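Biologist: I am new to this model and should like a close look at a single part of the surface. Please begin there and then connect that part to its surroundings.

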Amino acid sequence: MRARPHRGHSLGHIGTLDLVETLLTVVRKDASLRRVPSSGERVIFWTLPAVAVIWLAAFFLFPGFVRPMSPRASATEVATFYREHTARIRYSMILLNWFCVALIPLLMLVVERMRGMAHRTPILRFCVIGVAGAAPIAFLTTTVFWLLAAFQPERAPELTQLLNDLGWVTFTCGVPFLVAQSGFLALAIHFDRQEQPVFPRWVAHFNLVIGLALIPAAFAGLTKTGVFAWDGLVSFWVKNVAIAIWIIVMSIVVGHAVESDHAAGAEAVA
Amino acid sequence: MTRRSLRDNPKRELWLAWGATVFFYNLYAVVFFLFTHIQPPGQPWYSPDQASTWFTEHHHGLGIGLALIFVFGGLSATSIALITYSIRRMSVSRAFSYSYLIIYSVSAVPGFLFICVALTAGIMRPERSPQLQHWLYQLGFLSFSGTMGVFLIGSLIWMCAILLDGNRVFPKWFGYLNLCNALTEVVVSPSWIFKTGVFPWNGLIAWWIDVVIFGIYTGVFITLLRSMIIREDFGTGPLPAVPAWRFWQSPVETAP
Amino acid sequence: MRRLNRRLLAVWAVLSAITVIYIWIDHSADHHGTAHASSAVTVIALLLAAVKVRIIMREFMEVRNAPILLCRLTDAWIAGMSAAMIGFYLAGRAVAT
Amino acid sequence: MTVAEVSTPPCRTRQVPGQPDMWFFVLFESLIFTSYFCVYLYYRAQHEAAFLAAQSQLTLWLGVVETIVLLTSSWSIARCVEQSRNGRYDVARRDAFLTAGFGVIFLILKVVEWVRQIHLGNTFSSGDFFQYYFFLTAIHLVHVLIGFVVVGVAIHQLSSPRRRSQELVETCATYWHTVDFLWVLIFALLYVVR
């Protein structure tokens with residue numbers, strides 16, 4: 001093993017090394033070119049469609065989402081559900097466990113755009129960073145609860161029901177960070193008063209609406225029936241559709257901003 | 001104040017964050033003491049049946065109070081952001097401010113999300129077996145009182161920044177008060193071990209004395225952040241000293 | 001400067017001597033080798049500790065050269081601490097009986 | 001500054017030793033400790049027999065030795081302040097190292113004492129008295145550990161002519177003395193009080 005030459009033991013390896021060297025010479029060629037602020041952001045941005053596809057797939061793969069599981073189900077029903085759908089629950093949740101934090105790069109693109117806003121202080125940027133990590137971590141906790149329930153579906157039905165409850169409560173009620181995030185963004189865009197604002201003004205109002213749409217889900221613990229229950233119209237459909245719309249719309253808005261920044265950056269270099 | 005004065009005020013972002021901080025801590029106190037009766041805490045030595053009864057007795061207060069935390073909990077980020085800003089204004093490396101920001105934003109999940117989730121799950125099914133209700137009860141209180149390291153290290157980072165700072169953003173005595181606050185996180189640790197006496201999660205030493213110190217600490221830092229915003233000149237050098245008479249002046253100033 | 005060092009030495013000697021007195025108190029409080037609760041011992045021990053704290057503050061911590069305000073404040077603090085401790089001890093005894 | 005103070009001709013102006021801010025810490029921290037002590041005394045007075053029985057397992061002379069070791073370390077840092085004020089920084093630095101050395105001896109004695117008690121079957125969770133004993137000694141030992149950092153700051157200050165802030169050295173000394181006098185109180189409360 002030790003005697004093996006450093007280069008050339010596999011074709012793929014040579015290819016990688018060559019690519020790195022080419023990239024290095026490109027960077028070295030222009031010594032004045034230190035760091036373009038928006039460099040590489042397009043790469044981050046174009047991961048988003050892939051992430052969206054995985055999320056959608058996981059969403060439909062999890063049998064508890066398409067027809068949301070009822071909080072009124074008895075312990076035995078819940079246990080039966082986990083026994084019957086063990087595989088689908090496991091694979092969908094493993095997918096979501098992998099990719100739930102993939103929202104953070106999108107949020108960081110937003111945070112980088114906020115640098116260009118006509119603000120006096122970075123306070124609102126810090127606010128968004130402060131909540132950006134917590135929402136995906138809350139979702140991560142959810143997947144852990146559901147995976148735990150599916151890990152041993154033959155355990156006492158009451159325990160499976162408990163883990164299922166914990167998962168659903170975390171999933172449904174765990175909106176505080178998303179609500180605050182929308183609020184901070186709405187405020188930030190509202191304060192961005194300049195000739196060429198970073199984001200169009202309607203994005204502020206859009207964020208406000210999304211934030212308000214998420215709020216009712218926080219009350220899902222109060223009832224097991226009706227629109228506010230975790231399988232209800234407001235707490236499940238309105239909330240999750242709002243999150244989906246937010247991700248899509250903000251991706252498009254940020255995508256535009258990244259493109260124009262990139263064009264401006266290329267112009268400056270030329 | 002008029003609409004115009006707020007819009008032109010260069011410190012409006014700071015004042016909004018400060019106002020949100022005040023709102024958040026007041027809401028926290030109201031929810032925990034008045035609505036949910038999470039404070040004063042339930043007894044750590046409760047039997048499963050007693051824990052189960054505790055959930056049914058506090059059903060409505062817990063439901064509404066915890067829902068309010070689920071709605072507004074994210075506002076905790078405003079105080080974190082403001083403190084991060086204050087550390088950035090100091091003459092120390094930005095590593096301090098970013099460490100503080102990350103540590104405290106991580107703290108949100110174990111610090112208040114766990115107790116809200118556990119107790120909400122508890123009130124949703126009063127008919128659940130008392131053994132499981134008991135487990136939820138303990139998960140709630142222990143995760144709330146027993147989330148220690150993030151606040152310990154966070155306070156120490158803020159302390160170091162204040163003591164090393166040459167821009168007199170905060171008085172040095174507040175740096176030492178951070179040490180007192182950090183030590184309360186050491187003192188609360190026996191709550192993982194005891195169910196009775198003065199050291200459990202509702203104990204006189206492990207809980208109540210710490211709550212008083214934390215209350216003083218919070219009141220002091222909110223006041224000092226206010227004074228920092230008043231003195232802020234958006235420069236990089238030392239912050240101007242605050243004359244005593246201006247300290248209590250109306251927070252909104254005209255733009256320079 | 002030599003004088004000052006000697007003063008610190010004297011302070012240290014006095015403090016150590018008071019510490020050793022505790023052994024004597026402890027021995028004389030025992031009745032034939034068994035320990036008994038005694039308010040007198042408790043109060044004396046606390047007062048001696050307060051005296052030691054005051055000496056440490058005055059001499060080691062140089063409060064005697066500090067502004068009068070700090071002198072008064074530390075004295076008041078020590079008095080308050082001792083009063084609170086003795087008070088809580090006696091209150092506890094009163095509740096117990 | 002009061003009128004009476006100005007009128008007395010002092011040999012040198014009266015100054016707060018170290019940062020006045022450190023005195024805030026001293027007073028606040030002693031207030032917190034007083035609250036622990038009061039809780040301890042209050043409960044102790046109600047269960048005297050049990051407390052006395054447990055207390056009799058402590059070794060008084062070990063506590064006395066620990067106290068004297070800590071007093072000696074305090075004496076060293078007091079000398080250090082004096083020497084540093086007179087510009088004899090090398091001696092001052094040696095005294096600061098002595099302080100830390102006595103601190104280490106205290107630490108070792110404390111750990112030896114804990115191990116002895118644990119071998120006797122007295123742990124943090126066995127009985128009321130040993131709860132307080134381990135809590136108070138442990139939280140005090142945390143202060144001693146912080147004290148090592150503080151003395152380190154003093155040594156760092158004294159080491160280079162570019163630093164040598166007398167105010168900082170005095171601040172550090174004030175902290176160390178606080179650790180000392182808190183132990184004096186804890187010693188009386190745990191070993192002697194009946």
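Modeller: A nonpolar patch on the surface of chain A is formed by V227(A), F228(A), L233(A), W237(A), V238(A), V241(A) and I245(A). Together these residues offer about 560 Å² of accessible area, an area obtained by the Shrake-Rupley method with a 1.4 Å probe, with only the protein chains shown counting as cover for residues. A patch takes in residues with over 30% relative accessible area and no salt bridge, nonpolar side chains (Val, Leu, Ile, Met, Phe, Trp, Tyr) being joined within 5 Å and like charges within 9 Å. The model is predicted: local features need pLDDT of at least 70 and side-chain atom pairs pLDDT 80 or more, whereas totals for chains, interfaces and linings use all residues. Residues are numbered from 1 along each chain as its sequence is written, chains are lettered from A and ligands numbered from 1 in the order in which they are written, and side-chain values use heavy atoms, without hydrogens and water.

One member of the patch, L233(A), belongs to helix α12 of chain A, which covers residues 233–269. Helices (H or I, at least four residues) and strands (E, at least two) are DSSP runs, numbered from the N terminus.

A charged pair involves the loop before α12 of chain A. D231(A) makes a salt bridge with R72(A), their closest N and O atoms lying 3.3 Å apart; the term requires a side-chain nitrogen of Lys or Arg within 4 Å of a carboxyl oxygen of Asp or Glu. D231(A) sits in the loop between α11 (202–214) and α12, and R72(A) in the loop between α3 (63–66) and α4 (75–84), so the pair ties together parts 159 residues apart in sequence. Over all chains, the whole structure has 22 salt bridges.

The other chains may be described in turn. Chain B contains 11 helices and 0 strands, and its C-alpha atoms fill a box of roughly 65 × 40 × 30 Å along the principal axes. In chain B, helix α2 (residues 12–35) and helix α4 (residues 59–72) cross at roughly 165 degrees, their axes coming within 9 Å. Axes are lines fitted to C-alpha atoms, for helices over the stretch in contact, and angles run from 0 to 180 degrees between N-to-C directions. α2(B) is therefore roughly antiparallel to α4(B), the word applying to angles over 145 degrees. In the loop between α2 and α3 (48–57) of chain B lies P40(B), joined to Q39(B) by a cis peptide bond with omega of about -10 degrees. R168(B), which is not a glycine, has a positive phi of about 40 degrees, and its place is in the loop between α8 (149–164) and α9 (172–187) of chain B.

Chain D has 7 helices and 0 strands, and its C-alpha atoms fill a box of roughly 55 × 40 × 25 Å along the principal axes. Helix α6 (residues 128–159) of chain D packs with helix α7 (residues 166–192) of chain D at an angle of about 165 degrees, the axes being 9 Å apart. These helices, α6(D) and α7(D), are therefore roughly antiparallel to each other.

Methods. Angles under 35 degrees count as roughly parallel, over 145 as roughly antiparallel, 65 to 115 as roughly perpendicular and the rest as oblique.
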